[in-house]
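Hi there,

Here is the structure I promised to pass on. Have a look at it first, and then read my notes underneath.

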Amino acid sequence: MITVLGLGFVGLTTALGFSKKGFKVYGIDVDAARVESIRRYEVPFYEPHLEDALREELGHNFVVDASLEEAVNDSRAVIICVGTPGLPDGQANLSYLLDAVRAVFEVSDADYRVLVVKSTVPPSTVARAVQPFVAELSAQYGRQLGLASNPEFLREGHAWNDFMHPDRVVVGVQDEAAKEVLDELYLPFNAPVHFVDFSTAEFVKYLSNTLLSTLVSFANEMAMIAHHIGGIDVPAAFQLLHQDRRWSGTPAAMASYVFPGCGYGGYCLPKDTAALNSIAQNHGYQPKMLPANLQINEDIKDFVVAQLAAQLTPQQRIGILGLSFKSGSDDVRLSPSRAIIEKLRARGYTRIVAYDPLANEVFARETQLPIAYADTLPELVEQVDALVLLTSWPEFRQQRELLATKPLFDFRYALTEPQAQHVPVAR
């Protein structure tokens with residue numbers, strides 16, 4: 001059994017979705033008018049398919065006439081879907097969420113149940129605000145409730161299909177009992193379930209939304225630049241952009257660009273980004289995203305060096321894994337590795353040995369940097385005290401056991417095992 005607190009867009013979709021999958025679901029909302037509307041089989045907002053689901057489930061598996069006490073004490077999971085509106089300073093208002101948590105404690109009996117935060121909250125909210133509050137209430141009321149973070153990925157206009165056929169389910173948990181409850185809830189959905197920590201689960205939601213908002217703003221800035229330059233067919237340009245084969249496929253190759261590393265390099269990306277930024281200004285438009293793009297590409301190199309300087313001394317021998325700007329190429333033009341090596345040397349790190357499957361000779365010739373080179377990966381590992389991975393060559397992934405014999409700083413996240421636990425689709 002499940003209780004859903006808050007019957008707005010997310011809450012009602014969640015309640016009806018679990019009901020459709022065979023769970024008994026209690027729906028609770030403090031808005032009496034909203035509850036009355038639902039009792040009349042009227043969805044209080046527009047969302048395709050929800051009214052049909054409401055007519056099928058209300059009075060069957062979906063109940064809205066129970067008290068909060070009855071609902072909570074007949075449920076293994078209490079899913080909180082209350083609003084977290086923005087405050088004037090941009091922070092999320094957590095008062096409704098914390099009020100809901102307190103209300104559950106006030107009526108809960110001694111049985112174990114899990115509080116599931118489905119409301120959208122900024123990363124670290126559960127760990128730094130909700131979890132301490134739950135601990136405080138546990139001591140006050142003598143109740144032990146589990147805690148989970150389970151962000152929603154519902155698109156308005158497609159919420160029903162998104163909920164019933166999720167591409168993935170993300171759950172933040174810390175204890176095995178809560179994990180078992182959430183695993184049971186999502187078993188009927190036949191979707192991959194990823195168990196991570198609270199903050200990672202919350203971050204995935206914001207990662208998704210801010211990427212989408214950035215793409216929209218990027219497209220709009222490009223359109224404004226095009227209009228200032230003049231003579232550009234904007235819709236045609238974007239339609240042709242979408243024909244890039246990197247958008248298609250499973251997974252789409254474009255996803256490889258949306259992954260952290262240590263900066264972009266090579267001949268095209270730095271030069272063309274800087275050139276478009278310059279010509280836009282020449283035509284009277286001051287871009288915002290393009291300068292930020294270029295600055296972040298410099299900042300990430302400083303970040304890498306700062307991370308290394310915080311953990312390695314100048315006396316240690318550092319092994320650089322990868323010199324070309326990307327794997328599968330010997331192109332070292334504007335390679336992030338060059339900038340990072342130069343910045344390390346500026347900080348006094350002179351005992352540097354590098355290895356690249358293709359680019360050793362061209363890097364040495366083009367940069368004239370006073371560093372040593374290893375002819376093979378085993379030779380490099382033997383010579384150094386720590387390894388710094390800057391280019392994601394397949395050889396490095398294939399030799400992960402060898403690389404694990406020394407401290408490894410993987411700034412391409414190529415060898416880092418994700419903490420998410422994957423539950424297979426067919427279970």
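Below is what turned up, going through a few single residues and then one pocket.

One thing to keep in mind while you look around: this is a predicted model.

Let's start with Ser-108. You'll find it in the loop that links α5 (95-107) to β5 (114-117). Is Ser-108 buried or exposed? Its relative accessible area is 5%, and the cut-off for buried is under 20%, so Ser-108 counts as buried. Which residues does Ser-108 touch, leaving aside those up to four places away in sequence? They are Val-72, Asn-73, Arg-113, Arg-143 and Leu-145. With Arg-113 there is also a polar contact, side chain to side chain, at 2.8 Å.

Next, some backbone details. If you click on Pro-251, check the peptide bond that leads into it from Thr-250: that bond is cis, with omega near -5°. Pro-251 sits in the loop between α10 (234-241) and α11 (268-282).

Two other residues are worth a click for their phi angles. Ser-124 has a phi near 90°, which is positive even though the residue is not a glycine. Leu-334 isn't a glycine either, and its phi is positive too, at about 50°. Both are in loops: Ser-124 is in the one between β5 and α6 (125-141), while Leu-334 is in the one between β9 (318-321) and α13 (336-346).

How exposed are these two? Ser-124 has a relative accessibility of 21%, and since partly exposed runs from 20% to 50%, it falls in that class. Leu-334 comes out at 55%, and exposed means over 50%, so Leu-334 counts as exposed.

Finally, the pocket. Rolling a probe the size of a water molecule over the atoms shows where empty space is left. The second largest pocket has a volume of about 340 Å³. It is lined by 17 residues, and the ones closest to its centre are Leu-5, Gly-6, Asp-29, Val-30 and Val-82. Which element gives the largest share of that lining? It is α5, with four residues. By type, the lining of this second largest pocket splits into ten nonpolar, three polar and four charged residues.

If you want a route through the model, begin at Ser-108 in its loop after α5, and then go to the second largest pocket, where α5 supplies four of the lining residues.

Have fun with it!

Conventions. Residues are numbered from 1 along each chain as its sequence is written. This is a predicted model: local features need pLDDT of at least 70, side-chain atom pairs count only at pLDDT 80 or more; totals for chains, interfaces and linings use all residues. Side-chain values use heavy atoms; hydrogens and water are left out. Helices (H or I, at least four residues) and strands (E, at least two) are DSSP runs, numbered from the N terminus. Buried means under 20% relative accessible area, exposed over 50%, partly exposed in between (1.4 Å probe, protein chains only). A polar contact is a pair of N or O atoms within 3.5 Å; within protein, one must be able to donate a hydrogen and the other to accept it, and residues adjacent in sequence count only if both atoms are side-chain atoms. Contact means heavy atoms within 4.5 Å. On a 1 Å grid over the protein atoms alone, a cavity is a set of points where a 1.4 Å probe fits but cannot get out, and a pocket is an open set with protein on both sides within 12 Å along at least five of seven lines; lining residues have an atom within 4 Å of a point. Grid points are joined across faces, edges and corners, and a volume is the space filled by probe spheres set on the points. Ala, Val, Leu, Ile, Met, Phe, Trp, Tyr, Cys and Pro count as nonpolar, Asp, Glu, Lys and Arg as charged, and the others, Gly among them, as polar.
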